[in-house]
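Visitor: I would like a close look at a single part of this model, followed by an account of how the rest of the chain is arranged. Please take the time to be careful about it.

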Amino acid sequence: MLSSPWDAAKHMESAAALAKELSNWSEVADFYRRASELYIECGRSQPASDALAKGARVLEDTAPDEAIRLYIDACEILEEDGKEQMAFDLYRAATSVYIKLEKYDDAATFLLRLGLAADKCNATHSQCKIECLLGVVIVAATAALKDLVEVAEAYLSAIIVYLYANDFKQAEKCYNDCCQIDAFLSSDQIRCASKLFSAYTDGDVEEIKRVAQSSTVKNLDHMINLVNYLDGFYRNKRLQIIRLAKKLPTGEVSALKAEQEEALDEDDLT
């Protein structure tokens, strides 16, 4: 007889691993969900979230919709416990699956969720993860700078996803909303986003490509190279956004310019 829910949860994770070997994907999800419930009975939100995340990673290719549900539930467990800072990897992972499914609105929404979480907790613990992995003690001033970068990059990533989906109006709305966040206003990322919008409204394809391949966009992968050999999974989620940016623009930019000019003409008449 099992002595505690903790022991039972461990057995459920073992059963999930066996189901994976047998390619019983529905059972993989069921066993990891049951393990998560048992960890919650123990009052342990982190392993409860981790169990769901393990299941999600297994199912990303074979059952991506279920993987997203598991990622979302894993995030919510940590959010309810006030541990949003521990969910940053999960936000990015869910975003990556949304992009693979070409659900760009959902991807952008989840990136905004990451940005809000990072802003809420000042992203202080996202830097702690790298410190633990590398055993590096980073001075407070450097950590503070990276906190701002974490917030601003989440918002710039959301804007890029909307532009890739050829939804300029939603990208612009996202940009305007993000401008309410102090960390975004004082960043290189807002300057990059502003240049992208100017290039789009001018119908300047070459400028769009130049900005989309600028160092600011490439640095969405900032610092992750340092832990690539330990945490390639995390790094690959950032690279998804960089790949999308390289494909901009995806729509007919000249038509957008014409719309902008027509709108200006109507304003003049009024």
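Which residues does Thr216 touch, not counting residues up to four places away in sequence?

Guide: This is a predicted model, and in it Thr216 touches Leu156, Asp188, Gln189 and Cys192 once residues up to four places away in sequence are set aside. Thr216 itself is found in helix 13, which covers residues 215–218. Its relative accessibility is 16%, and because the limit for a buried residue is under 20%, Thr216 counts as buried.

From there one can turn to the nonpolar interior. The largest nonpolar core has 81 residues, and those with the most contacts inside it are Ile159, Ile160, Val161, Leu163 and Phe184. Helix 8, residues 140–164, gives the most to this core, with 11 residues. As for Ile160, the residues that it touches, leaving out those up to four places away in sequence, are Val217, Leu220, Ile241, Leu244, Ala245 and Leu248.

The aromatic rings add a further set of links. A search of the whole structure finds seven aromatic pairs. One of them joins Phe168 and Phe197 in an edge-to-face arrangement, with 5.4 Å from centre to centre and 80° between the planes. This pair links distant parts of the chain, since Phe168 belongs to helix 9 (residues 168–178) and Phe197 to helix 11 (residues 188–202), 29 residues apart. Both Phe168 and Phe197 are buried. Elsewhere, ring pairs link Phe88, Tyr91, Tyr98 and Phe110 into a cluster.

Three members of that cluster, Phe88, Tyr91 and Tyr98, appear among the buried residues of helix 5, a helix that is mostly covered, with 11 of its 13 residues buried. The other buried residues of helix 5 include Arg92, Thr95 and Ser96, as well as Leu90, Val97 and Ile99. From its first C-alpha to its last, helix 5 reaches 19 Å, close to the 18 Å expected at 1.5 Å a residue. Helix 5 is followed by Glu102, whose phi is positive, near 60°, and Glu102 lies in the loop between helix 5 and helix 6 (104–120). With a relative accessible area of 57%, Glu102 is exposed. Glu102 and Ala165 are 63 residues apart in sequence, yet their C-alpha atoms are 8.6 Å apart in space.

Helix 5 also has a part in covering helix 3, for what covers the buried residues of helix 3 includes helix 1 (5–21), helix 2 (25–41), helix 4 (64–80) and helix 5 (88–100). Of the 15 residues of helix 3, 11 are buried, so helix 3 is largely enclosed by the rest of the structure. Among these buried residues are Ser45, Pro47, Ser49 and Gly55, together with Leu52, Val58 and Leu59. The length of helix 3 can be checked as well: at 1.5 Å a residue, its 15 residues, 45–59, should span 21 Å, and the end C-alpha atoms are 21 Å apart, which agrees.

The same kind of check can be made for helix 4, whose 17 residues should span 24 Å at 1.5 Å a residue, and whose end C-alpha atoms are 24 Å apart, in agreement with that value. The buried residues of helix 4 include Pro64, Glu66, Tyr71 and Cys75, along with Ile68, Leu70, Ile72 and Ile77. Just after helix 4, Gly82 takes a positive phi of about 70°.

For the chain as a whole, there are 15 helices and zero strands, and of the 270 residues 47% count as buried. Among contacts with a separation of 6 or more, 66% are made by residues 24 or more positions apart. The accessible surface comes to about 13,500 Å², of which 50% belongs to carbon and sulfur atoms.

Confidence deserves a separate word. The mean pLDDT of the protein chain is 77, and 74% of its residues reach 70 or more. Among the elements, helix 3 has the highest mean pLDDT, 97, whereas helix 7 (residues 124–134) has the lowest, 33. Over residues 124–146 the pLDDT is below 50, and beyond near neighbours in sequence this stretch has 25 contacts in the model. The pLDDT also stays under 50 over residues 222–237, for which the model has 35 contacts beyond four places in sequence.

Methods. Residues numbered from 1 in each chain as written. Predicted model: local features only at pLDDT ≥ 70, side-chain atom pairs only at ≥ 80, totals over all residues. Heavy atoms only, no water. Helix = DSSP H or I, 4+ residues; strand = E, 2+ residues; numbered from the N terminus. Expected span 1.5 Å × (residues − 1). Buried < 20%, exposed > 50% of the residue type's maximum accessible area, 1.4 Å probe, protein only. Contact = heavy atoms within 4.5 Å. Core = buried A, V, L, I, M, F, W, Y, C linked by side-chain atoms within 4.5 Å. Phe/Tyr/Trp six-rings, centres within 6.5 Å; stacked < 30°, edge-to-face > 60°. Areas by Shrake-Rupley, 256 points an atom, 1.4 Å probe, with all protein chains shown as cover. pLDDT = per-residue confidence, 0-100.
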